[in-house]
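Visitor: I would like a close look at a single part of this model, with its surroundings described in a connected way. Please begin with the pairing of the strands and work outward from there.

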Amino acid sequence: MGATAFIRIREFCTNYGIEESFVLDLKEYEVIRIKLIDNEPHLAEEELPILEKMIRMHQELEINPQGLQAIYHLLEKVNGLQEEVTSLRKRLNRFED
């Protein structure tokens, strides 16, 4: 298994043209995880798709960080339920054959 790559939040925000405070708000609302490396906040590469999705919703739909938190947790629940349905269908298919 490879090592996780990290991106400095300051660089990410500069590249995306967003405020660092927005990213830190998403961390406070438990939407993303941030790791301190050399006393500077970094984002794990695997968090990028989530953060990019939240940025789009914030910019295009004008959803505030609190709303993004609610959306994120609902999406997590939906994904969990979809996985459960898939698992149950596989189990059910075993009995139908």
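**Strand β3 and its surroundings**

Guide: In this predicted model, strand β2 (residues 34-37) and strand β3 run antiparallel and are joined by 4 bridges. One of the facing pairs consists of Leu36 and, in β3, Pro41. Strand β3 itself covers residues 40-44. It has a second partner in strand β1 (residues 6-8), with which it is also antiparallel and to which 3 bridges connect it. On that side, Arg8 has His42 of β3 as its bridge partner.

The burial of β3 may be taken next. Of its 5 residues, 4 are buried, so the strand is largely enclosed by the rest of the structure. Glu40, which lies in this strand, shows how the classification is reached for a single residue. Its relative accessibility is 19%, and the cut-off for buried is under 20%; Glu40 therefore counts as buried. Leaving out residues up to four places away in sequence, Glu40 touches Arg8, Arg10 and Lys35. Of these, Arg8 is the residue already met as the bridge partner of His42.

The connection between β2 and β3 deserves separate attention. The two strands form a hairpin with 2 residues between them. Asp38 lies in this loop and has a positive phi of about 55°, although it is not a glycine. As a general matter, most residues other than glycine have a negative phi. Asp38 is exposed, because its relative accessible area is 75% and the threshold for that class is over 50%.

Glu30 also takes a positive phi, here about 60°, and is likewise not a glycine. Its position is the loop between α2 (20-28) and β2, on the other side of β2 from the hairpin loop in sequence. With a relative accessibility of 57%, Glu30 counts as exposed.

Helix α2 contains Glu20. This residue is partly exposed, given its relative accessible area of 28%. Its C-alpha atom is 7.0 Å from that of Ile9, while 11 residues separate the two in sequence. Apart from neighbours within four places in sequence, Glu20 is in contact with Ile9, Arg10 and Cys13. Arg10 thus appears in the surroundings of Glu20 and also among the residues touched by Glu40.

The setting of this part within the chain can now be given. The protein chain has 4 helices and 3 strands, which follow one another in the order β-α-α-β-β-α-α. Among contacts with a separation of 6 or more, 56% join residues 24 or more positions apart. Of the 97 residues, 24% count as buried. The radius of gyration of the chain is 17 Å, whereas a compact globule of 97 residues would have one near 13 Å. Along the principal axes, the C-alpha atoms fill a box of roughly 55 × 35 × 20 Å. The chain exposes about 7400 Å², and carbon and sulfur atoms supply 50% of that area. Finally, the chain carries 12 positive and 19 negative charges, and the mean positions of the two sets are 7 Å apart.

Technical notes: Residues numbered from 1 in each chain as written. Predicted model: local features only at pLDDT ≥ 70, side-chain atom pairs only at ≥ 80, totals over all residues. Heavy atoms only, no water. Buried < 20%, exposed > 50% of the residue type's maximum accessible area, 1.4 Å probe, protein only. Contact = heavy atoms within 4.5 Å. Rg over C-alpha atoms; globule rule 2.2 N^0.38 Å. Areas by Shrake-Rupley, 256 points an atom, 1.4 Å probe, with all protein chains shown as cover. Lys, Arg positive; Asp, Glu negative; His and termini not counted. Charge placed at Lys NZ, Arg CZ, Asp CG, Glu CD. Pairing = 2+ DSSP bridges.
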